[in-house]
Amino acid sequence: MSEMWINMGPQHPMTHGLWNLRVKIEGELILDVDPEMGYLHRGIEKISEDRHYNEVITLMDRTCYVAGLAWEHLYILAAEDALHITPPERAEYLRTMCDEFQRVGSHIMWYAAFVQDLGLMSPFLYGMRDRDLVLDLFQSYTGARMTYEYMRVGGVRSDLPLGFTDRARRVLDWLTARFVEYDQLCLGSAIFRKRCDGLGVLKATDCVEHGVTGPMLRSAGMKRDLRRDRPYAVYDQLDFDVAVADGADVTARYLVRMEELRQSVRMLRQILDWLDRHPGPAMAEELPRWLGAPYAPVGKEGYLLKRNYPKGVGFSSVEEPHGEAQAYVVNEGTEHPYRVKFRSPVFANISAARQYLVGYHVADIPPIMGSVDVCVGEVDR
Amino acid sequence: MGGAVEAKEKPNENPILWVARPMATAAKQFAKSLVRPSTIVYPFERLEDPKFRGKVAVESGRPIGVGEVWDNYRGVHALNIATCISCNLCAFSCPDLCIDMVTVPGGDPKHPKKCPQIDYGKCSYCGFCSDACPEGCLTMTTRYELSVTKRADMVYSPERLHEVFRSKLPMNPIRLARPENEDAILLDPPLCIGCNACARDCPTQCITMLDVPKPDAKPGEKLPKRIWKEPVVNDSDCVRCGTCISVCPKECLFWGTRK
Amino acid sequence: MSNLTLFSVSDLLVTVLLTAIASIFPEPIRGWLTNPDLLLGLACLVFGALLLAASMLNTILLIWWERKLLGRFMDRRGAMHVGFAGLLQNFADGFKLFKKDTVQPREADALGFYAGPTIYMVTSLVLFGILPISSGWNSGALPLTLLLALAVFSFAPLFIFVSAWSSNNKYSLMGGMRSAAQMIAYEVPLLLAVVAVVIVAGSFDLTTIVYEQQNYWFWGPLFLALLVFVAGMLAEMERIPFDLPEAEAELVEGWNTEYGGMLFAFFMLADYLRALVGSILVVLLFLGGWTLPTWVPAAFTSFPLAGIFWFMVKTYLVFGLFVWIRASLPRVRTDQLLRVGWNRMIPLSLLSVFLAAVLVTAKCLPVFGCVPSPGG
Amino acid sequence: MQPADLEAALRPSVGAHLLGTEPFEGTAGRVRFAREGALDVFRAVKDRLGFRHLSMVGGIDWVDHREVFYVVWSDDARQYALLSTDLPAADPHVETASSVWPSANWHERETWELVDIQFDHHPDLRHLLMPDGYAFHPLLRSFKIHEPEDLEVKSRHV
């Protein structure tokens, strides 16, 4: 066969979302790739300019549909920075708990989608089954399974229900036992190792050059984790290790994510213990007064303008399950943010696709792209 | 804070046995699910049924479900028409603009009573409306089955929402606490023309028009011919809905801190 | 029992019916109707129809069996609502596919596009007519049934490739290429593994091979050949871990990407027919066919149709093994598959042939606790 | 690292194009530079200061002018830094950063199509999120979102 371009997407089982990977192949060999994004562009940054600060939270859940709470946290950190608000400590712990549960949910979801790309159907269903327990927990304290709308500027919407921490610990016990099974099904399988070892190699220097972050970067042996290097929320009070591997290939990414799952469980146990011991308010008491009635009509001028509220620029960066996400919120003294800009880690990870796909086979695309953990919602925003 | 841990495979997960280990794991799961698979046969088995939850938890060994706090679920709204004060806050707070205030019988002809009508084709179940509702009459229930055959059926009139309320479904108890020191409605007296619009439309009737001393008129300024009145807001009854601000023709009401 | 075969049943049926009908008519017509050639032709037709019905029913049952088994492997239930335990689900699915439009891509080659699935289906059905399900299943007159079966079995890649190429789709073409490469690569070890069986059994006739196993099944002495045969069968049947030609994640649906409706149903049915044939071959060649070990009490083997019953039980268990493999292993890559096929499977199968020859010449078979039958 | 450190390290190699540094909460500081010195600033920030990782490029439309900001991260200092430059709205050109940080490629494509900022010598300035040939720049303040009522789709069922 001579060279030809094939479109993998936007309707293709490999893509896990709406995007198109144009691949130039010769036989089964990949000569060039060109990712095409934008099929899921909803203009979240533009819509945010017309919304109250709290209303943007509803958009954040739709940014990444497997890591909604992490994105809420990202936005809230930047918004509070821009609006000069400090949340109470318990709210910080609750948010960190959200982050880590979200990481567990997202990584399990990643595992399910990734093994399904390799043709492994049963671990896919095991993964979906176990993620459901995390979603049950989310539902019990946020009220929804995927679109949580839990965090608010200045705190969180509600405190935990009674008996939550005990149930959460039971779920963590169950999940920890399942992680062993996951490893048996993947690492214990010679075919899996044959498929994944030495595949999609992206060295640490290339990762840094091309802005690749998250588990992909750590799988290349680089010990960078914002939770440790630039602690936000209460990560500086938690005891955890940064998972790194040195293979820089698909197996290494698998190992890093699995280790992160274990570390997340370790952190969650500490957080749950803290939450049990320290009751308190989950919402800032010294909230600016306008946030009490943020939705009512405000007259011709903006709420904040009328109150001479200080302007500000907020910048935040969190270690999202997929990598480092950043938000940049400009507060110009109106009740709407003037400009919201998000940096999605998957955006940068996909943009380097040429670096880790060219030279492999067509059959390697699903495992490699699977190991990138693509979430198109946050790429296109 | 810990250091870095090298993620390595455990020795017992090496593929020494080629494919035997994954096959053994699958067989273990097979044996387990012969007793009871984790599937919940949805229309026949429901998670919100506590009896069923216990059964599944025992049979499959999974810490399944959301326990006793299923009530927190944000599903279809329930509206208690009797206590609704037509304050409009739910409609203002809706990010998707899916709430319309429509007239319901029961108000007096001059000031018809208006209650929210929700278009579930647009609703995103964020719960901002029930957070904003000052009277607690608009809450969210655990009902989640909404499939209909016509798009028009997605629109729930206040009466339909009231039916949901009467069906005694568990109500979502979560409500965002309102800060103690909320802004109050303040008046910019020189601008006020005493038109009574705010007091007329105030849903809680917390605005009274009181006679005030006639302000000093500047030379040549035209004054209204009626008796001079000025709105006075009772802060403890006020729900901060802002209706008065939006109806004020002169924009003389605004948010601020009461001295 | 042994003289009552499926063909004799259909012959009897036709004779009785035609004689009854003919008795109504006056002499010349009665003579024509009871013409032995006509009787034979009609008997063949009825025989074919019975075979078709049996194979189709079994295929559909096999799909149900896979769905239920796979469901339990995946911690779910499988089909359960249509009919008892979802037995009728596949009929419902088939009916749905039957109702659907067949969409032919604009630039597709019509002849290949339609002929491909049809011939694929037909060759798979022919296979079923060759295999003896029990001692009384078919006439068993052919001396080379095993060779014929494998020859017909290896028709498939050609027609898969024809239908893939003529659907004018890059994914189909790649799937077709892979399918052809894979099937050819695994044809050789498959045949060599069969050679081992033939050496031990001394016959190409499947019925004879089964009778050779009356005292001892071949899976013990020919374990290596069994392994090679099962692996080769998995590749021939295009099931996980060797389902690259229709690897969903990379090739959408491989060579049947462009097929929908009844043509897709043809492919699907033929795939499962081949899976059924594969399991049957494993049972025939290695697991003693419809026979049971001699130590089994006679009560288990003497009831009517016991042969067919035990044969089906074995077949479904063998297929259950394939399902188990599918539930727990990922698919391999094309080059790895071919490398394993040419570099590992062929030496292994040669080794198994050698072992079989050694077993026969050194008369080692009794080591496995079995006495060769007088004919062997 | 403090804003003063940034200034001290950048001043020799960038010179007059460095307009100043200011503190920015949560980062090492914000560096303001004139667009003429963009490439010098990028090189100095990457090579002299060790900010090897470019996280984000974004644009802000301030109506009278436009601003491009770059967020960079240094693994040694474990800190972010912001670089920003103002561009006149009539002529929003700036030199591309993708020759220094390859990761800027897609970020600049996005900024170009959403905020209408031209990146000179960009290797591949195509549409990324919007369809090819899309003539508007949605994140400009002049681009108004339709009210949802205007977009209401009339269903045949209603």
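pLDDT is the predictor's confidence in each residue, on a scale from 0 to 100, and two residues count as in contact if their C-beta atoms, placed from the backbone, lie within 7 Å. Both terms are handy here, as the model is a predicted one.

Chain C is a good place to start. Its pLDDT averages 82, and 93% of its residues score at least 70. Within chain C, confidence peaks in helix H4 (residues 89–99), with a mean of 89, and bottoms out in helix H11 (residues 248–251), with a mean of 70. Then there is the stretch covering residues 372–376 of chain C, where pLDDT stays under 50 and the model has eight contacts beyond four places in sequence. Where pLDDT is low, the predicted coordinates should not be read in detail.

Turning to chain D, the model shows three helices and seven strands, strung along the sequence in the order α-β-β-α-β-β-β-β-α-β. The C-alpha trace of chain D spans about 70 × 30 × 30 Å along its principal axes. Of the 158 residues in chain D, 41% are buried. Looking at chain D contacts with a separation of 6 or more, 49% come from residues 24 or more positions apart.

One residue of chain D gets a closer look. D:Pro12 sits in helix H1, which runs over residues 3–14 of chain D. D:Pro12 counts as exposed because it has 10 C-beta neighbours inside 10 Å, and the cut-off for exposed is 12 or fewer. Between the C-alpha atoms of D:Pro12 and D:Ala44 there are 9.6 Å, with the two residues 32 apart along the chain.

Notes: Residues are numbered from 1 along each chain as its sequence is written. Chains are lettered from A and ligands numbered from 1 in the order in which they are written. This is a predicted model: local features need pLDDT of at least 70, side-chain atom pairs count only at pLDDT 80 or more; totals for chains, interfaces and linings use all residues. Helices (H or I, at least four residues) and strands (E, at least two) are DSSP runs, numbered from the N terminus. A residue is buried if 20 or more other C-beta atoms lie within 10 Å of its own, exposed if 12 or fewer, and partly exposed in between; C-beta atoms are placed from the backbone.
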